[in-house]
2 protein chains.
Amino acid sequence: MRPKLTLKQIARELDVSVSTVSKALRDSVEISQETRQKIKAFAKLYNYKPNNIALSLKNRKSKTIGIILPEIVHDFFATVIGGIEEVANKRGYNAIICLSNNSFDREVMNMEMLANGSTDGFILSVAKETQQKEDYHHLKEVINQGMPVVLFDRIVEEINCDKVIIDDAAGAKKAVQHLLDTGCRKIALLTTVDYISVGKLRTQGYREALEQNGVAVQEELILKIEDVDHSEEEIIDFITSSDIDAVFAVNEQFGASAVKAILGKGLKVPEDVSVIGFSDGELSKRFIPALTSINQHGAEIGARAAELLIDRLEQPLEKEETYQTQIVETSLVKRDSTRKK
Amino acid sequence: MRPKLTLKQIARELDVSVSTVSKALRDSVEISQETRQKIKAFAKLYNYKPNNIALSLKNRKSKTIGIILPEIVHDFFATVIGGIEEVANKRGYNAIICLSNNSFDREVMNMEMLANGSTDGFILSVAKETQQKEDYHHLKEVINQGMPVVLFDRIVEEINCDKVIIDDAAGAKKAVQHLLDTGCRKIALLTTVDYISVGKLRTQGYREALEQNGVAVQEELILKIEDVDHSEEEIIDFITSSDIDAVFAVNEQFGASAVKAILGKGLKVPEDVSVIGFSDGELSKRFIPALTSINQHGAEIGARAAELLIDRLEQPLEKEETYQTQIVETSLVKRDSTRKK
């Protein structure tokens, strides 16, 4: 049996782009009548069977959005899903969620499964392991085949697609500026390892805020946490042995652990040590003291990602494809874990 | 055009059950050779096209489990998903998650979408609105068509399928017994409205524990919360105006709000008022004081549901279908919000 002909092979054979082949087989007016006829004749001659991705692309009517997330234990992703579903439902789309559990393989498998006719496009936040490996072939593949992808939060710079991010560095600067403005000087940073794009950007914002205010960055006050599951012990050890008057934590779990560590030292929050978190979820709101936080506006991120994806699914094919990166501005939510000005 | 013939119509026409028709068309040896031939001939005569559900059932090879949940903001459902995925992945299955957001319509739509060839079977916790309406036609329909369903947590008694539940009433009794054993007598109950099956069962356990210990149930100490989104204000009002020495909350969010209300009255937890929660998530663990809780073992529930579903998908069709209800036992996790004995 002859191996199955792919869009890519037709493209190579006829010296045109995959997207031209894909569009020609869909009878797009973007492609000249002549080229369309040539491509269709070739496909017919070699008995080309569109694979499932191309099929779904051709018919584009599953009216379903595939969401692939690294995890959902954190409120942030739950609120993003809420935002996606609200827009999707309003515009007549369903949403299907798959979890990568931060595994590269699971992310690839989920993507393959959903690209198999179940969904029209993807909204995705990249797995930790994928960022570590820097292997993005699965994203490139679906995009090349004409399925739109919108990345959010943990994005990949080099992938050419629509993106929704927050101003991570600027958000971190806001947090640290608030600590500086309320009299703190010895500010610890609880962050993640650098290959997590958001952790890196928030660390950058922390450095910038200190530098712009003439406060020297003390490397010994920066804790980079690799094993998030056992972060509490690590944070308690770190805070117990550090001389600090404030903590900036890149998520609310680290923030809650910081409060516990500070109280454990016999100090008061915020009188002795202020604490500010990032990602403003239920834990921040319900905690005692309620945590001052940088709100990432997850619902807004989700809503914008859904609008971008559905717009692209419904845009006339003639339109030139230009991608945009939308930045959702973070905001400071003052609560009881930081001092008043 | 003649309307499409369904499995149900063939069954009615030939005076056999839907499952017999379904099995005959799948060539099950459970059905006699003669009946199989008759049914297949009839189906062929009337040009019967299996619909997507039947098709997926016939081929049973999406190797994907559909999970439909009321919400995911709570840790409980996140841990259940974790348990399902672990077993599913080990046994070569993927999982797809859809959210009903507690809406009946969305639950029905999600089910229709996923039954459309994307999944082999369902693991489902019923939406609040579905329990209120008591309309379960969508569940009955997929089960009748041969797609297995496993219900968990918010189950429906009258639906004949596999179920995984916790001993809600017994769990609640454990919680209240612990409060009684540590010297509490004026125990408030923060629960949900009665049409939520788990809220009802936990309320029943609360009553039983008190009665068995010779403590009269005081109706004015029971708060039934309808609007969970604004529960905190309601809980604060209730606790501020009640004379109590303990609180049993049917979830951890209510538990956290109770602590806030008690501290707001100038009282101490647990010295003046003990607090015990249900559903042992991140909030309970990270809260200060850490909340004593009834652990629902969400991962165990998910794992058992996945085992039941995959066993049913892979069992030889000859086997008589008998359904089981597995009960996962809750356990008391003592932390800092209740007094020591």
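## A tour of chains A and B

Select Ile294(B) and Leu332(B): Leu332(B), in β12(B), is the bridge partner of Ile294(B). The model is predicted. Extend the selection to the two strands around this pair. Strand β10 (residues 292–295) of chain B and β12(B) are antiparallel and share 3 bridges.

**The sheet in chain B**

Now show the whole sheet that holds these strands. It is open, has 6 strands with mixed pairing, and reads β7-β6-β8-β9-β10-β12 (chain B). At its edges are β7 (222–225) and β12 (331–333) of chain B; each has a single partner strand, so one side of each lacks a neighbour in the sheet. Looking across the sheet, neighbouring strands are turned against each other by 20° on average, direction ignored.

Add helix α11 (residues 231–240) of chain B, which packs on the sheet and touches β6 (187–192), β7 and β8 (246–249) of chain B. Its direction makes about 165° with that of β7(B). Then add helix α12 (residues 252–264) of chain B, which also packs on the sheet. Helix α12 of chain B touches β6, β7, β8 and β9 (274–278) of chain B, and its direction makes about 165° with that of β9(B).

**A stop at Ser118(B)**

Go to Ser118(B), in the loop between α6 (104–115) and β3 (121–124) of chain B. Is Ser118(B) buried or exposed? Its relative accessibility is 16%, and buried means under 20%, so Ser118(B) counts as buried. Which residues does Ser118(B) touch, leaving out those up to four places away in sequence? They are Ser118(A), Ser62(B), Thr64(B) and Met113(B). Follow the contact with Ser118(A) to move into the other chain.

**Chain A as a whole**

Display all of chain A. Its secondary structure comes to 14 helices and 12 strands. Along the principal axes, the C-alpha atoms of chain A fill a box of roughly 80 × 35 × 35 Å. Of the 341 residues in chain A, 58% are buried. Among contacts in chain A with a separation of 6 or more, 73% are between residues 24 or more positions apart.

**Strand β5 and its neighbours**

Select strand β5 (residues 162–166) of chain A. This strand is mostly covered, with 5 of its 5 residues buried. Turn on side chains: Asp162(A), Val164(A) and Ile166(A) point one way from β5(A), while Lys163(A) and Ile165(A) point the other way.

Which strands are joined to β5(A) by bridges? One is strand β4 (residues 149–152) of chain A, which runs parallel to β5(A) and is joined to it by 3 bridges. Within this pairing, Val150(A) has Asp162(A) as its bridge partner. Another is strand β11 (residues 325–328) of chain A, also parallel to β5(A), with 4 bridges between them. Here Ile166(A) has Val328(A) as its bridge partner.

**Helix α9**

Next, select helix α9 (residues 168–181) of chain A. At 1.5 Å a residue, its 14 residues should span 20 Å, and the end C-alpha atoms are 20 Å apart, which agrees. The buried residues in α9(A) include Asp168(A), Ala172(A), Val176(A), His178(A) and Leu180(A). Just after the helix, stop at Gly183(A), where phi is positive, about 95°.

**The sheet in chain A**

Show the open sheet of 6 strands in chain A, with mixed pairing and the order β7-β6-β8-β9-β10-β12. Its edge strands are β7 (222–225) and β12 (331–333) of chain A, each pairing on one side only. The average turn between neighbouring strands is 20°, direction ignored.

Pick out strand β6 (residues 187–192) and strand β8 (residues 246–249) of chain A, which run parallel and are joined by 4 bridges. In this pair, Leu189(A) stands opposite Phe248(A) of β8(A). Helix α11 (residues 231–240) of chain A packs on the sheet, touching β6, β7 and β8 of chain A, at about 165° to the direction of β7(A). Helix α12 (residues 252–264) of chain A lies across β6, β7, β8 and β9 (274–278) of chain A and runs at about 165° to β9(A).

**Last stop: α11 against α12 in chain A**

Hide the strands and keep the two helices. How far apart are the axes of α11(A) and α12(A)? They are 9 Å apart, and the helices pack at an angle of about 45°. α11(A) and α12(A) are therefore oblique to each other, and their crossing is right-handed. To see the contact, select residues including Ile235(A), Ile236(A) and Ile239(A) of α11(A), with Phe254(A), Ala258(A) and Ala261(A) among those of α12(A).

How values were computed:
Residues are numbered from 1 along each chain as its sequence is written. Chains are lettered from A and ligands numbered from 1 in the order in which they are written. This is a predicted model: local features need pLDDT of at least 70, side-chain atom pairs count only at pLDDT 80 or more; totals for chains, interfaces and linings use all residues. Side-chain values use heavy atoms; hydrogens and water are left out. Buried means under 20% relative accessible area, exposed over 50%, partly exposed in between (1.4 Å probe, protein chains only). Two strands pair if DSSP finds at least two bridges between them. The expected span of a helix is 1.5 Å times one less than its number of residues. Axes are lines fitted to C-alpha atoms, for helices over the stretch in contact, and angles run from 0 to 180 degrees between N-to-C directions. Contact means heavy atoms within 4.5 Å. Angles under 35 degrees count as roughly parallel, over 145 as roughly antiparallel, 65 to 115 as roughly perpendicular and the rest as oblique. A crossing is left-handed if the near helix is turned anticlockwise from the far one by less than a right angle, and right-handed if clockwise.
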